[in-house]
Amino acid sequence: PLAMPRLEEVPERFSFPKGEEEILEYWKQNDTFHESVRLSEGRPPFSFYDGPPFATGLPHYGHILAGTIKDVVCRYAHQTGHHVPRRFGWDCHGLPVEFEIDKKLDVKGRQDVLDMGIATYNDECRAIVGRYTKEWEVTVGRVGRWIDFSTGYRTMDLSYMETVWWVFQQLHEKGYVYRGFKVMPYSCALNTPLSNFEVQQNYKDVSDPAVVVTFPLLGEEGASFLAWTTTPWTLPSNLALCVNPELEYVRVREEATGAVYILLATRLVQLYSELANPKKAADARKKFSEVERMKGSALAGVEYAPPFGYFEARRASGAFRVITGGFVTDDSGTGIVHCAPAFGEEDYKACLEHGVIRRGEPLVCPVDADGRFSDEVPEWRG
């Protein structure tokens, strides 16, 4: 007869958390992780560049999920014949650290930092970067991730920073580095651009002022383009108006004033809100008469007068005319976008494409690092 091996009996009720803790204790007692690294010495190395977390906050679900995926990658590399040393790291730079210190010291802006001294501010930041290192080590270990905390690195270490500069030098010497311009979210309080991640950390739905602005056509008295904007503070920096070349626009004459307005045909409701009410729509239509309809492409090149004349000299180089762009939609506003290329990513791309601005030239940006109007806008300076 065939002798069947006896299997260890499994208890009727098994505690998975307790089983995990027993495995973790086994790994700890036998130094399993470090032993596996030692035994793999001499194999082809596998280098895993792990984006380090900030040590000023506690680990959350996102960290645990990403860390588990990283652990799987490194374990697979080890099991396929590679030497995989794994070092934990700490990101010691950036807004999360500064934000904590700004709260502690009641720092309101760049000038407060300069008044106390950059060295003093840096010392305060440096003092908190390791606030939660022990909690991180416990959590990362509990989820079973194999990584070495004892040889961890910090981005504020001189050796790390010098390495980053060395890498940048190599890129520069190979001609891969250039100076460009990109419209990004910006913090006036911190005087620095923000990453998408940083913006989302404090994202809020707020009520913004929205205005409809007239842009009179040159050579046609009484006629104006209508543009809708939720950032009226960018109007002094206006350099172009953008329409969708494929959508249908309408020219209407207001019965009460005789004024002529041009806007997207499907967005007349922005000018006459009663059109959205079936009971009042008929009366609303009596307030204007339709003069003509045209595709957005027919409006390209038409010149207009901007709301402010601070940068009128730019007209000679192609500013203050209608351009076209597919990003203009019919779901809000008037279907005509006021473009201030220093303050909108789509504005910048469209104005660059149509020659309103040119690479390398200074942009119209009459706002200083604190978000206040500069001398270029004298009436609103400060």
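Is cysteine 351 buried or exposed, and what is its relative accessible area? In this predicted model, cysteine 351 is buried, with a relative accessible area of 0%. The surroundings of this residue are taken up again below, after a view of the whole chain.

The protein contains eleven helices and twelve strands. Its radius of gyration is 31 Å, whereas a compact globule of 382 residues would have a value near 21 Å. Along the principal axes, the C-alpha atoms fill a box of roughly 100 × 65 × 45 Å. Of the 382 residues, 33% count as buried. The exposed surface of the protein amounts to about 24,300 Å², and carbon and sulfur atoms supply 54% of that area. Contacts can also be sorted by separation along the chain: among those between residues at least 6 apart in sequence, 67% join residues at least 24 apart.

Two sheets may now be considered in turn. Strands of a sheet pair through backbone hydrogen bonds, either parallel or antiparallel. One open sheet consists of five strands in the order 5-6-9-8-10, and its pairing is mixed. Strand 5 and strand 10 (288-295) are the edge strands, each of which pairs on one side only. On average, neighbouring strands of this sheet are turned by 30° against each other, direction ignored.

The pairings can be followed across this sheet from strand 5. Strand 5 (residues 211-216) runs antiparallel to strand 6, and six bridges join the two. Within this pair, threonine 214 stands opposite leucine 226 of strand 6. The two strands form a hairpin with six residues between them, and in the turn glycine 219 has a positive phi of about 80°. On to strand 9 (residues 260-264), the direction changes in character: strand 6 and strand 9 run parallel and are joined by three bridges. Here phenylalanine 225 stands opposite isoleucine 262 in strand 9. Strand 9 is also joined to strand 8 (residues 248-254) by five bridges, and these two strands run antiparallel. Valine 250 has leucine 263 of strand 9 as its bridge partner.

Why can strand 6 be called largely enclosed by the rest of the structure? The reason is that six of the seven residues of strand 6 (residues 223-229) are buried.

A further open sheet has three strands in the order 11-7-12, again with mixed pairing. Its edge strands, strand 11 (322-324) and strand 12 (336-339), each pair on one side only. Neighbouring strands in this sheet are turned by 35° against each other on average, direction ignored. Strand 7 (residues 240-243) and strand 12 run antiparallel and are joined by four bridges. One bridge partnership in this pair links leucine 241 to histidine 338 in strand 12. Helix 11 (residues 345-353) packs on the sheet and touches strand 7, strand 11 and strand 12; the direction of the helix makes about 85° with that of strand 12.

The text now returns to the cysteines. A disulfide is a covalent bond between the sulfur atoms of two cysteines. To count as such a bond here, the two sulfur atoms must lie within 2.5 Å. By this rule, the structure has zero disulfides. Cysteine 351 is in no disulfide, and its nearest cysteine sulfur, that of cysteine 339, is 4.7 Å away. Another cysteine, cysteine 74, is buried, with a relative accessible area of 3%.

Two further places show how residues are covered. In helix 4 (residues 95-105), the residues Leu95, Pro96, Val97, Ile101 and Asp102 are buried. The cover over these residues includes helix 6 (118-128), strand 4 (192-193) and helix 9 (196-201). After helix 4 comes aspartate 106, which has a positive phi near 55°.

Serine 40 shows that a loop residue may also be enclosed. This serine lies in the loop between helix 2 (32-39) and helix 3 (61-79). Serine 40 is buried, with a relative accessible area of 0%. Leaving aside residues up to four places away in sequence, serine 40 touches His78, His82, His83 and Val84.

Definitions and conventions
Residues numbered from 1 in each chain as written. Predicted model: local features only at pLDDT ≥ 70, side-chain atom pairs only at ≥ 80, totals over all residues. Heavy atoms only, no water. Pairing = 2+ DSSP bridges. Axes fitted to C-alpha atoms, helices over the stretch in contact; angles between N-to-C directions. Contact = heavy atoms within 4.5 Å. Buried < 20%, exposed > 50% of the residue type's maximum accessible area, 1.4 Å probe, protein only. Rg over C-alpha atoms; globule rule 2.2 N^0.38 Å. Areas by Shrake-Rupley, 256 points an atom, 1.4 Å probe, with all protein chains shown as cover.
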